Amino acid sequence: MTTVLFGIFAILVILNVPIAASLALASITAIVASKSVPLIVVGQKLFASIDSFPLMAIPFFMIAGNLMEKGGISKRLIAFANSIIGSLSGGLALVTILASMFFAAISGSSPATVAAIGSIMIPAMVRQGYDKSFATATQASAGYIGVIIPPSIPMVTFGVVTGTSIGGLFMAGFIPGALFGLALMLVAYIISWKNGYSGDKKASVSEVAKAFKESILALLMPVIILGGIYGGIFTPTEAANVAVVYGLIVGLFVYKELKWSDIPEILKNSAISSALVMLIISTASVFGLLLTREAIPAQIAEIFLGLTANPMVLLLLINVMLLVVGTFMETNAAIIILAPIFFPVCQQMGIDPIHFGIIMVVNLAIGMITPPLGVNLFVACGLTNLTIEQVVKSNWFYLFASLFTLGLVTYFPALTMWLPKLLM
Amino acid sequence: MEMQEAKFFRCLTRFEMAGVTVTLGLMTVVVFLQVFFRFVIKGSLPWSEELSRYLMIWAVFFGASMGAKSGAHIGVEAFTRLFPRSARKAAILIAGFFSVLFCIIIFFLSAKVVGAIYKTGQVSPAMEMPMYWAYLAVPAGSIMMAVRFLQATVIKWKKEGGNA
C-alpha cells in the first residue's frame, strides 16, 4: 500500500498536478486498493482536519500581510531600511534583505514577502546597474526568511500537527531569523563590494529618525502580535485577528493609502492563498492518516534509531532529508507528512520540540532556494523573466551561507531556545 | 453559446466574490468580537469560535475555486518544463484531467458525509445549528472547483498553441 501511495503521488507530481489533488488521489487509490479504511473517512477527514481554531491564524496572517502591502507599509519599511544601511556597498541588495526581514515580521509567508518587496526592489537594483541575476537571487533568498521570522504559517502548521506551543515557536524563530538575515547580508555585501556596486549617499540622523517615525506603526505590529501572545492576552489566532484590524485602521485612517473599495480584492487574494495552503493541509492529513495506519512513522523511527544513537548525527540525517524534501515539496504538506514521522524520534533523543520545529521550518525554507527545484527560484524568475540557470549561478553563495547558518542553528540549541525560555 | 458561457462564468465569479467577502469579513468581525468581549465586557461569547471555524471552511472552498481559475494551485512545474512542446501540451490535459477527477471524487465522498449527517440531524455543540450546513462547504466547493479547473485547462491549452 505504501508503494501505491508514494508511487502514484510521485507520478502525479511529475505531471504538474496540483499538490493537493496529488495527495488526495494517491490516498484514495491506496484506500481502494487495500480497503484498509472505509472511503467515507476521506470525506470526513477533509473537513475535520481544517475545522480548527488555531489554523485560522493562517487566513488572518494572509489578510494582515496583504493589507499592509496595499496600505503603503512595504514602501515605508524599504525607506527605513534604506536610511539605515543604504549607504554601504551593495546598499540596495542589503536593503532588499533587511526590508524582507521587516516584512517577514508582519507576514507569515515566503511568496508574499518576495512579491511585496521584490516588486519594488528588483527593478530598483536593475536600474542602479546591478546584475539582474544577482538581484533576482538576492530577493529569492531573502524571501525564505519570511517563514523563519515570526509570525510564520509553517510554524502554525507545525504547532497544530504536533501540539507544540505556537507562541513558543514564534519566539524561537526570532534569533535564527536575524542570523539568516545577517548571513545573507554579508554575502550580498562581499559580492557587491567585488563588483563595485556602490551605495546611496549616507542618510543623516534626522533622516533616519524621519524614516523610523514613518514606519513605526508597521514595526510595532510584531510587538503587538508577540507581546499579546506572550502576555497571555490572546491566542495566536486572536493575535492574527488583531493584526488584521490594526492593519485596517493604519491603512484606512493613518496612512490613508487604503480605500474601502480595495478590501474585496484583498480578501479575494487572501482567500486564494489561504485556500491553497488549507487544501494542502487537509489532503495531506488524509495521506498522513494512511501512513500512520501502516505504522510507517514507527518503522522509520526504528530505522533512524538503529542507524545512530547520537542526536548530533541524527539531526544531520534529518537535516539532509528535509533539505531534499524541501526542494520539491510544498512546506506545509511536508510538515503534515513528515513532522509526525520525525517528532517521536527527536523526543526519544531528548531534542526539544520547539528546537526541532525550528530546524524543520528552516530546512524546508532553505529548500525553497535549493536548485534545481526550489520554489522561490521559480517565483523570482517569474518576476524577472530569467531562466533558472541564470539565477542559480548567482545563488550559490547565498545557499552556502544559509547552510552554514543552518548548522549553527541546528547544533547550538541555545540560539533558538534562549528567547522562549527567557519569556516562559 | 459563447455568450451563455461568458454569462455563466460572470455569475460564478460574482458568486465566489460575494462568498469570499462575506465569509472572510464575518470571520474577522466574529473573532474580533470574541477578543473585545473578553477584554472590555469581561464575558465570553459561547458561539464565536464555532461560527468563525465554519465560516473559515466555507471561505477555504470559495478561495480554492477562485484559485483553480487563476491557476494558483501549487504544483511542481520543474519536470514538465523539461518536456518537449507536444509532451508539455499533453501534460496540461493530463494535469487538468486529474485535477477535475480529484474534485469529482471529493464531491461524491463529501456529499455522502453531508447526507449521513442530514439523516442523523446532528447539530453543532454551541450554536445548535444543523451540522450539514458546515459540511456542505466541501461538496459545494469541490463542484465549483471542478468547473474552474476545466476552464483553466481550456485556457492553458489554447495558450500553448491550440489543437496542433
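How many helices and how many strands make up the secondary structure of chain A? I began my notebook with that one, and the count came to 20 helices and zero strands. A reminder to myself before going further: this is a predicted model.

**Entry 1: chain A as a whole**

I looked up the overall dimensions next. Along the principal axes, the C-alpha atoms of chain A fill a box of roughly 70 × 45 × 45 Å. I then checked the radius of gyration, which is 21 Å for chain A; a compact globule of 424 residues would be near 22 Å, so the two agree.

Burial came after that. I found that 62% of the 424 residues in chain A are buried. For contacts in chain A with a separation of 6 or more, I noted that 78% are between residues 24 or more positions apart.

I also wrote down the surface. Chain A exposes about 15,100 Å², and 69% of that comes from carbon and sulfur atoms. As for charges, chain A has 18 positive and 15 negative ones, and their mean positions lie 7 Å apart.

**Entry 2: helix H6 of chain A**

I picked out one helix here. H6 of chain A covers residues 91-104, which makes 14 residues. From first C-alpha to last I get 20 Å, close to the 20 Å expected at 1.5 Å a residue.

Is H6 of chain A enclosed or open to the outside? I counted 14 of its 14 residues as buried, so H6 is largely enclosed by the rest of the structure.

**Entry 3: two backbone oddities in chain A**

I went looking for unusual backbone values, with the usual rule in mind. Most residues other than glycine have a negative phi, and most peptide bonds are trans.

My first stop was a proline pair. The peptide bond from A:Pro150 to A:Pro151 is cis, and its omega is near -5 degrees. I placed A:Pro151 in the loop that runs between helix H8 (132-143) and helix H9 (153-162) of chain A.

Then I turned to a lysine. A:Lys35 is not a glycine, but its phi is positive, near 50 degrees. I found A:Lys35 in the loop between helix H2 (19-34) and helix H3 (40-48) of chain A. With a relative accessible area of 69%, A:Lys35 is exposed.

**Entry 4: chain B as a whole**

Over to the partner chain. I counted five helices and zero strands in chain B. Its radius of gyration is 20 Å, well over the 15 Å that the globule rule gives for 164 residues, so chain B is more spread out than a compact globule. The C-alpha trace of chain B spans about 65 × 35 × 35 Å along its principal axes.

I repeated the burial check, and 43% of the 164 residues of chain B count as buried. Of the contacts in chain B between residues at least 6 apart in sequence, 76% join residues at least 24 apart.

For the surface of chain B I noted about 8,700 Å² exposed, with carbon and sulfur atoms supplying 70% of it. Chain B carries 17 positive and 8 negative charges, and I find their mean positions 5 Å apart.

**Entry 5: four residues of chain B**

Which residues does B:Arg148 touch, leaving aside those up to four places away in sequence? My list reads B:Phe9, B:Leu12, B:Thr13, B:Glu16, B:Ser65, B:Ala68 and B:Lys69. B:Arg148 sits in helix H5 (residues 137-159) of chain B, and B:Arg148 is buried, with a relative accessible area of 0%.

B:Gln34 drew me in because its contacts include residues of chain A, and B:Gln34 is buried at a relative accessible area of 10%. Not counting residues up to four places away in sequence, B:Gln34 touches A:Phe53 and A:Glu238, along with B:Leu45, B:Ser48 and B:Glu49. B:Gln34 belongs to helix H1 (residues 2-41) of chain B.

I looked up B:Leu101 in helix H3 (residues 85-120) of chain B. B:Leu101 is partly exposed, at a relative accessible area of 30%. Between B:Leu101 and B:Pro139 I count 38 residues in sequence, and their C-alpha atoms are 13 Å apart in space.

My last lookup was B:Glu128, which lies in the loop between H3 and helix H4 (132-135) of chain B. Its phi is near 55 degrees, a positive value in a residue other than glycine. B:Glu128 counts as exposed, at 59% relative accessibility.

Methods
Residues are numbered from 1 along each chain as its sequence is written. Chains are lettered from A and ligands numbered from 1 in the order in which they are written. This is a predicted model: local features need pLDDT of at least 70, side-chain atom pairs count only at pLDDT 80 or more; totals for chains, interfaces and linings use all residues. Side-chain values use heavy atoms; hydrogens and water are left out. Helices (H or I, at least four residues) and strands (E, at least two) are DSSP runs, numbered from the N terminus. The expected span of a helix is 1.5 Å times one less than its number of residues. Buried means under 20% relative accessible area, exposed over 50%, partly exposed in between (1.4 Å probe, protein chains only). The radius of gyration is taken over C-alpha atoms; the globule rule is 2.2 Å times the number of residues to the power 0.38. Contact means heavy atoms within 4.5 Å. Accessible areas come from the Shrake-Rupley method with a 1.4 Å probe; for residues, only the protein chains shown count as cover. Lys and Arg count as positive and Asp and Glu as negative; His and the chain ends are not counted. The place of a charge is taken as NZ of Lys, CZ of Arg, CG of Asp or CD of Glu.
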